[in-house]
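Got a protein in front of you and not sure where to look? Let's walk through it with some questions and answers.

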Amino acid sequence: MKEEKLRVLLKDMSLKEKIGQMMQLDVSCFRNEGPVTGSEVDQEIAGEDLTLAGSILGAVGAEEIKDLQKRCMEKQPHHIPIVFMADIINGYKTIFPIPLALGCTFSQEDARMVGDIMAKESAADGLHVTFAPMVDLVRDARWGRVMESTGEDPYLNSRMAEAMVWGIQGEGEHYEGHLGACTKHFAAYGAPTAGKEYNNVELSERTLREDYLPSYQAAIDAGSAMVMTSFNTLDRIPATGNQWLMRKILREEMGFDGVLVSDYNAIGELMTHGVAEDKKEAARQALEAGIDLDMMSGCYIGGLEELVKEGKIREELIDEAVLRILRLKNRLGLFEDPYRGLEDQDTAREIFTEENRAKARKAAVDSMVLLENQEGFLPLKKEEKVAFIGPFVEDKHILGAWSFFGDIEQAVACCQGIKEKGAQAVFERGCGMVNPGQTLYGFRYNMTNTESWEEIDALIERAAKTAADCDKVVLLIGEAPIQTGEGSSRGDITIPEAQKKLLDAVTKVNKNTAAVIFAGRPLDIRDVKEKTKAILYAWMPGTEGGHAVADILYGDAEPQGRLSMSLPWSVGQVPVFYGELSTGRHIEDGEWVENRFLSRYSDMPNQPLYPFGYGLGYTEFSYSEVRLDKEEIRMGEPLQVSVTVKNTGSRRGTETVQLYVTDKVGSVARPMRQLKGFTKLTLEPGESKDAVFDLTSEDLRFYTRSMEYKAEPGDFIVWVGANSRTKNGKKFKLR
Ligand code: NOJ
């Protein structure tokens, strides 16, 4: 439909109808079930108002969506189609590794592929928009939602954010065969104080702009159709009612002109935040801030009409919001075909195909991070007798917390993947994911372990006996998926007690033990490191997890993931991340020193257990010195940085070459290092290749003391190496 026609339509709509378009309701309102996510909302929406909703969230499947579309459109005064949205985070039916793991691939191709497949599968099943990508920068492993982000680094997150948007939206003018993307949660939701879910965020404007905004900007520049607000306050103002943040920063400065949706009941929560007295006032603040679509608070439908009539808000603000919503519907082609081809589609042909599963297997392999491999413990040999022990041997809860639509039963368990290798393997559960007698409460399902400690002790004893009788042991342990995701902050980030007991018992009788860790966050795995010879961090790997784990363990695939988030030494260090400022009393390597008056802990190191960017493979690489094509550059002039990387081992392997920059002196304190580039090189044994990067003064920009975004002349160091701790650096000057 032409823009003019949209405007004509808008003109013809009553105020009430327009406000209806600005209401998004949970599908439960139409199904009479509990809400999909978030708190129970007191709807108070009159029956006839329900039929005015412009958007529905959480509906699933072609049949339901077709039916709802038909029913709702009939009742809509202008028969405007509904736009259907849902949380497709790391896959629809074919589940890929969680986003934090995807970050570890350092691969835009993988991120784009995941976005592409999840969009294609869910679009084929009727969906229009996904609430993804989540691009919040995360540095606090206590927060459960770190699993939904691609990690701690602004540059890596930006590259992943844009790639996800490209993948989700595809290349068609109407997102054909794909979805609209909804980038979330604006802004800085990933920095809740003390890692506590929904907590307030305290950030300087400089840190907000420099570290937190770039990934949203990258997603917007990639064309993200929508943005979602965040639940948190920022500078004590809830984001969802923050005019400065939404109108000035997001719209004006960042150039976002798509639909801005509130998070679930976030407009209503302006009251519990204590900035609005009632729903009407909450609606006023949100609209003034420029929120177009009210997800499930009922504040807009309940309050806006009166506000207009009382002259407290201008109707133009409503028109502006509705026009954006109509444009989105138009962009999705809904006016021409409200069913987006559902009528003549054979969804089975598109969904959960062998091809999609093969891609999920590849992404899972690419995302797993090998942290230790002493004495060449891995890969395993088929003739070795190996005991695979732990709750993740058979349990298929490896899809991640947001994989609502994926079928756990269809996931490949690790034991299945291993059995397919035809190796000498024995299996023991040892204990459950959840401690005996404990219930973990999720928002889709709970996990209860009804076993007693006596029963578990007996299982552990049995597992230890099996372990003693084998050449090697691989423990498959970690946290349960519902200990991660929304509403899952943890104050203790170690593996559950029963699994610790299992680790102790097994490693006591067999020192030849490795661990595969399943988790949605960086866990404190110090004790695992002490007691094992190899560690593979498998995250929540998705549908093909069992195949991917087996591929890596038996050497049919190369581990090549690199940490997208530092793995803390202990929760006491959190938030711990590589891009810190130096402080006035910095210790270079964070080791213990006798001088107490330094920036350090007195009882633990400064450094995390494993730093950002870290990961091993099955071969080794050597780096040449860093080469620069000049020692000095002027503003705007490019600097070419290169290294030669050689595979010095005996297997083919892929190295992720990472480039970091240190700005020695600035008008404000600068992060000690910042990632500015990465590239992956696949090398045969003995083979060398150059990694070449172009750096310009644009890459050196920051918010100066006077808050100008620019580079300042001076000395820099460029580092190129295997992770954020590389010592391979060279100085250059910016004139
Ligand atoms: C609340 C979450 O914060 C958000 O990420 C999600 O998209 C909505 N619920 C809808 O499920």
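Here come a few ground rules, then the questions.

This is a predicted model, in which local features need pLDDT of at least 70 and side-chain atom pairs count only at pLDDT 80 or more, while totals for chains, interfaces and linings use all residues. Residues are numbered from 1 along each chain as its sequence is written, and side-chain values use heavy atoms, with hydrogens and water left out.

Q: How many helices and strands does the chain have?
A: Helices (H or I, at least four residues) and strands (E, at least two) are DSSP runs, numbered from the N terminus. Going by that, the chain has 29 strands and 20 helices.

Q: What is the radius of gyration of the chain?
A: This value is taken over C-alpha atoms, and the globule rule to compare it with is 2.2 Å times the number of residues to the power 0.38. For 735 residues the rule gives 27 Å, and the chain comes close to that, so it is as compact as a globular protein of that length. Its radius of gyration is 26 Å.

Q: What share of the 735 residues is buried?
A: Buried means under 20% relative accessible area, exposed means over 50%, and partly exposed is in between, with a 1.4 Å probe and protein chains only. Counting buried residues over the chain gives 63%.

Q: Which strands sit at the edges of the open sheet of eight strands?
A: Two strands pair if DSSP finds at least two bridges between them. The order here is E9-E6-E5-E4-E3-E2-E1-E10, with parallel pairing. An edge strand pairs on one side only, and that fits E9 (259–261) and E10 (294–295).

Q: In E9, which residue is the bridge partner of Met228?
A: Strand E6 (residues 226–229) runs parallel to E9, and three bridges join them. Look along E9 for the partner of Met228 and you land on Val261.

Q: Which helix packs on this eight-stranded sheet, touching E5, E6 and E9?
A: Contact means heavy atoms within 4.5 Å. Angles run from 0 to 180 degrees between N-to-C directions, with axes as lines fitted to C-alpha atoms, for helices over the stretch in contact. The helix covers residues 243–253 and makes about 135° with the direction of E5 (180–186). That's H10.

Q: By how many degrees are neighbouring strands of the six-stranded sheet turned against each other on average?
A: This open sheet has the order E11-E18-E17-E16-E12-E13 and mixed pairing. Its edge strands are E11 (369–373) and E13 (425–428). With direction ignored, the average turn between neighbours is 15°.

Q: Which residue in E18 stands opposite Asn373?
A: E11 and E18 (residues 534–537) pair in the antiparallel sense over four bridges. Opposite Asn373 you find Ala534.

Q: Why is helix H7 described as largely enclosed by the rest of the structure?
A: H7 (residues 108–124) reaches 24 Å from its first C-alpha to its last, close to the 24 Å expected at 1.5 Å a residue; the expected span is 1.5 Å times one less than the number of residues. Enclosure is about burial, though: H7 counts as largely enclosed because its buried residues number 13 of the 17.

Q: Is Lys66 buried or exposed?
A: Lys66 meets Glu63 in a salt bridge at 3.7 Å, N to O, where a salt bridge is a side-chain nitrogen of Lys or Arg within 4 Å of a carboxyl oxygen of Asp or Glu. Both lie in helix H5 (residues 62–75), three residues apart. Glu63 is exposed at 58%. Lys66, at 18% relative accessible area, is buried.

Q: How far apart are the closest N and O atoms of Lys359 and Glu355?
A: The two are four residues apart in helix H15 (residues 354–367), so about one helical turn separates them. An α-helix has 3.6 residues a turn, so residues three or four places apart point the same way. Lys359 is partly exposed at 26%, and Glu355 is exposed at 53%. Their salt bridge has a closest N-to-O distance of 3.6 Å.

Q: How many residues apart in sequence are the parts that Glu544 and Arg357 tie together?
A: Their side chains meet in a salt bridge at 2.7 Å, N to O. Glu544 lies in the loop between E18 and helix H20 (545–553), while Arg357 is in helix H15, so the pair ties together parts whose separation in sequence is 187 residues.
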